[in-house]
Amino acid sequence: MAQNLTAEQTPLIADLSQPAPIAALQDVRVGVVTFPGTLDDRDAMRAVEIAGGTAVPLWYADENLQNVDAVILPGGFSYGDYLRAGAIARFAPLMDKIIDAANSDAALPVLGICNGFQVLTESHLLPGSMIKNEQLKFICRDQGLRIENAETAWTARYEQGQTIVVPLKNQDGQYVADQRTLDELGAENRVAFRYVGGNPNGSRNDIAGITNARGNVVGLMPHPEHAVEPGFGADFSGAGDVDMRHGTDGLDIFVSLLERLTR
Amino acid sequence: MARIVVDVMPKPEILDPQGKAIANELPRIGLDGFSEVRQGRRFELTVDGEATDEVLAQAREAAEKLLSNPVIEDVVNVSVLDQEN
């Protein structure tokens, strides 16, 4: 069954007009929130579609989650990073709904990428916070990550301990938390991703991403949505050599979620 | 009209990369008397009337809820800056 794509959505390479590999995945509706200053909403929506799901655009000022099955808070500079990254977005009308749904018995899966991760910490859905990179430089590079917890809603398709490579691009990426929180994260296996091949920003314990206790809320600084499509991906892969921009290690983040919700 | 000032500083145990960069720069411009720099923020909240207890309480709430992030920052001062009658 062909999807109806607008001209803007017409794929450059990936053929989104073909049926999803598994038809049931297409019934999963994943909302992607756009705040003023969000940059990576289109890429996140595209990643959801390439993984086989249905992406639903959500607007920060709305109060309606449109019955989505999961939510992605994408990267960018919401409110220009004024005050602190994510600090103002956290009070957007839609965020109240997302916070309630994530904390509810239904445990709405929520993924925060980069600025979205910062919004999740400001919302207290995840502990800790992000400060400026140790070297005060904006870092943009392909980054190795080790999957430390392959049981969350967003990482189940990976193997525990697997290395993946996805792009990293941020200014305020240094993860910090007090020692008690860091100990808790370690003891409860709530570090989902750790930097490998060098800590790019001074994050405590090489933490690149974390999960809440139930595994439905996950945040990470690097960008899996930028490594989902051959020709537009990373230059490296955790699985071995790939052609330039053919690294698609990030795709399984989105497939993990779709499979979890159709199980 | 009155102004309330709110000062926010990074927690002592949080490394302050911006302060560190400033501390490194100072000796380069010949100011070598300082062993450490920490950079915070100052907010000025203007109220139309007087800075009543109620308004000050609101300023404290704003400081805790929005102006600072308790994970990485401390509110070190909330006070009336000046008052014109």
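Start by selecting A:Ile113 and A:Leu220: in this predicted model, A:Ile113 stands opposite A:Leu220, which sits in strand β11 of chain A. Now widen the selection to the two strands around that pair. Strand β4 (residues 110-113) of chain A and β11(A) run parallel, and four bridges join them.

Next, stay on A:Leu220 and look across to β10(A). There you'll find A:Gly209, the bridge partner of A:Leu220. Select 217-220 of chain A for β11(A) and you can follow three bridges linking β11(A) with β10(A), this time antiparallel. The two strands form a hairpin with five residues in between, and A:Gly215 there takes a positive phi near 80°.

Time to colour strand β10 itself, residues 207-211 of chain A. Is this strand mostly covered or mostly open? Mostly covered: five of its five residues are buried.

Keep A:Gly209 highlighted and hop over to A:Phe193, another bridge partner of A:Gly209. That takes you to strand β9 (residues 191-196) of chain A, which runs antiparallel to β10(A) and is joined to it by three bridges.

Now zoom out to see the whole sheet. It is open, has nine strands with mixed pairing, and reads β2-β1-β3-β4-β11-β10-β9-β6-β7 in chain A. Pick out β2 (54-59) and β7 (163-170) of chain A as the edge strands, each pairing on one side only. Ignoring direction, neighbouring strands in this sheet are turned by 25° against each other on average.

Last stop: chain B. Eight of its residues are in contact with 11 residues of chain A. Select residues 17-25 of chain B to show helix α1, which gives the most to the side touching chain A, with three residues. That side of chain B has six nonpolar residues, two polar ones and no charged ones.

Notes. Residues numbered from 1 in each chain as written. Chains lettered and ligands numbered in written order. Predicted model: local features only at pLDDT ≥ 70, side-chain atom pairs only at ≥ 80, totals over all residues. Contact = placed C-beta atoms within 7 Å. Nonpolar A, V, L, I, M, F, W, Y, C, P; charged D, E, K, R; others polar. Buried ≥ 20, exposed ≤ 12 C-beta atoms within 10 Å, placed from the backbone. Pairing = 2+ DSSP bridges. Axes fitted to C-alpha atoms, helices over the stretch in contact; angles between N-to-C directions.
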